[in-house]
Amino acid sequence: TQVLGPSEAEVFNRFYGVTPEGNFEHGRNILHIEQPLDAFARLKGFEPGLLTQRLAASRAALFTARTSRPRPHRDDKILTSWNGLMIASLAYGASTLNEPRYLKAAEEAAGFVLTNLTRDGRLLRRYRDGDARFSGTLEDYAFLSDGLLELYEAGFNPRWLSHAKRLAGEMIERFWDEDRGGLFLRGNDEEPLIVRSKEVYDGATPSGNSIATLVLLKVGRLTADERLETFGRRTLETFADTVERAPFGYPQMLIAADFALGPTQEIVIAGDPAAPATTRMARIVHDRFLPRAVMVLHPEGSAGDEIEALVPFVKAQGPLEGRPTAYVCEQFICKRPTTSPDALSRLLDGTHEALIRFFVLSGV
């Protein structure tokens with residue numbers, strides 16, 4: 001049955017790349033947009049507003065025709081691991097692009113996972129239609145803790161850092177290989193398998209061991225937890241020979257190795273989170289490429305007490321003269337604190353520019 005008239009079908013096919021030979025198996029077509037609508041309209045001699053209306057009407061007609069047939073199955077499971085990757089991406093995007101929508105979405109996703117995919121303090125793997133089940137794997141713990149760490153550094157809510165540290169510790173308890181090092185995919189309290197696998201190859205998604213290594217190093221550094229850092233370095237040592245043989249197969253593990261080699265920076269912004277001067281200082285840090293840095297906001301009052309419990313080394317790092325103050329430290333040895341945003345920029349620019357030159361010259 002022909003749904004669109006000849007002229008409408010011609011416009012629709014041209015815009016969405018439908019051809020007689022097809023672009024998929026057995027001569028079938030997957031609709032795709034090869035060029036922006038405005039450019040297509042200029043090239044084909046259409047008025048953009050009218051073209052938009054014609055395409056919308058065609059899509060509506062085709063959708064109506066499609067509703068008479070059974071719908072294809074939709075995979076609508078909510079996975080802890082994939083949400084962890086998404087939360088990390090949104091949080092990093094929020095801090096880098098100064099986009100509050102991304103931060104809000106990341107916080108909502110994190111809240112959902114921690115509420116609905118946790119049972120008896122343990123992470124679960126998937127959620128669908130109110131049903132959460134299956135014990136979380138290393139990927140679930142590693143990816144979510146990484147997302148929560150990024151979320152803390154984007155919005156400075158101590159809740160996320162607390163959960164990131166808790167999950168990092170649980171990773172060690174549940175997945176660590178006491179005999180050979182590294183982390184198993186499945187927990188040590190689950191039904192025994194013939195072989196317990198350990199993934200390290202970074203493919204379409206990074207491996208659980210690679211993300212776990214970076215999480216252990218960064219959370220350990222941020223919270224001055226030497227035990228977590230030690231396990232992160234031991235994981236690097238476990239897979240060092242494997243990575244050395246084919247480094248291009250392990251980019252995420254190399255990022256962890258770069259952080260471990262350092263030098264790392266610990267950046268503390270002490271002040272009222274709502275004060276514009278505090279926000280400006282945080283923005284100065286977020287605007288720069290600092291992959292070897294961890295960052296903490298140290299407010300005063302009860303909120304400050306909560307952070308001090310998680311990050312002990314900030315207790316002596318408060319605002320000076322009642323003004324937001326930045327502390328830039330390297331391996332916990334701090335430079336002179338500053339209340340000047342311009343001075344903070346100068347302190348960070350040397351590191352930022354050196355890293356950019358390194359990655360450009362190395363071809364990364």
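Glutamine 317 is buried in this predicted model, because its relative accessibility of 7% falls under the 20% cut-off used for that class. Along the chain, glutamine 317 sits in the loop between helix H12 (302-310) and strand E7 (325-330). Leaving aside residues up to four places away in sequence, glutamine 317 touches Val268, Ala270, His298, Tyr327, Cys329 and Cys334. Its C-alpha atom also lies 8.8 Å from that of proline 337, a residue 20 places away in sequence.

Alanine 293 offers a second example, this time within a strand, since its place is in strand E6 (residues 293-298). Alanine 293 also counts as buried, because its relative accessibility is 10% and the class takes in values under 20%. With residues up to four places away in sequence again left out, the contacts of alanine 293 are Glu153, Lys218, Phe259, Gln265 and Ile267. One of these partners, isoleucine 267, is 26 residues away along the chain, yet the two C-alpha atoms are separated by 7.1 Å. The table sets out the values for the two residues.

| Residue | Location | Relative accessibility | C-alpha separation |
|---|---|---|---|
| Glutamine 317 | loop between H12 and E7 | 7% | 8.8 Å to proline 337 |
| Alanine 293 | strand E6 | 10% | 7.1 Å to isoleucine 267 |

The second largest pocket holds about 280 Å³ of space. Its lining is made up of 16 residues, and those that lie nearest the centre are Asn98, Ala154, Thr279, Arg283 and His286. Four helices, namely H4 (80-97), H5 (100-116), H6 (138-155) and H11 (276-286), each supply at least two residues of this lining, and H11 gives the most, with five residues. By residue class, the lining of the second largest pocket divides into eight nonpolar, six polar and two charged residues.

Turning to the protein as a whole, the chain forms 13 helices and eight strands, and its C-alpha atoms fill a box of roughly 75 × 60 × 45 Å when taken along the principal axes. Of the 364 residues in the protein, 45% are buried. The protein exposes about 19800 Å² of surface, of which carbon and sulfur atoms supply 54%. When contacts between residues at least 6 apart in sequence are considered, 61% of them join residues at least 24 apart. The contact between alanine 293 and Ile267, whose positions are 26 residues apart along the chain, is one that spans such a separation.

How values were computed:
Residues numbered from 1 in each chain as written. Predicted model: local features only at pLDDT ≥ 70, side-chain atom pairs only at ≥ 80, totals over all residues. Heavy atoms only, no water. 1 Å grid on protein atoms, 1.4 Å probe; cavity = no way out; pocket = protein on both sides within 12 Å on 5 of 7 lines; lining within 4 Å. Points joined across faces, edges and corners; volume = space filled by probe spheres on them. Nonpolar A, V, L, I, M, F, W, Y, C, P; charged D, E, K, R; others polar. Buried < 20%, exposed > 50% of the residue type's maximum accessible area, 1.4 Å probe, protein only. Contact = heavy atoms within 4.5 Å. Areas by Shrake-Rupley, 256 points an atom, 1.4 Å probe, with all protein chains shown as cover.
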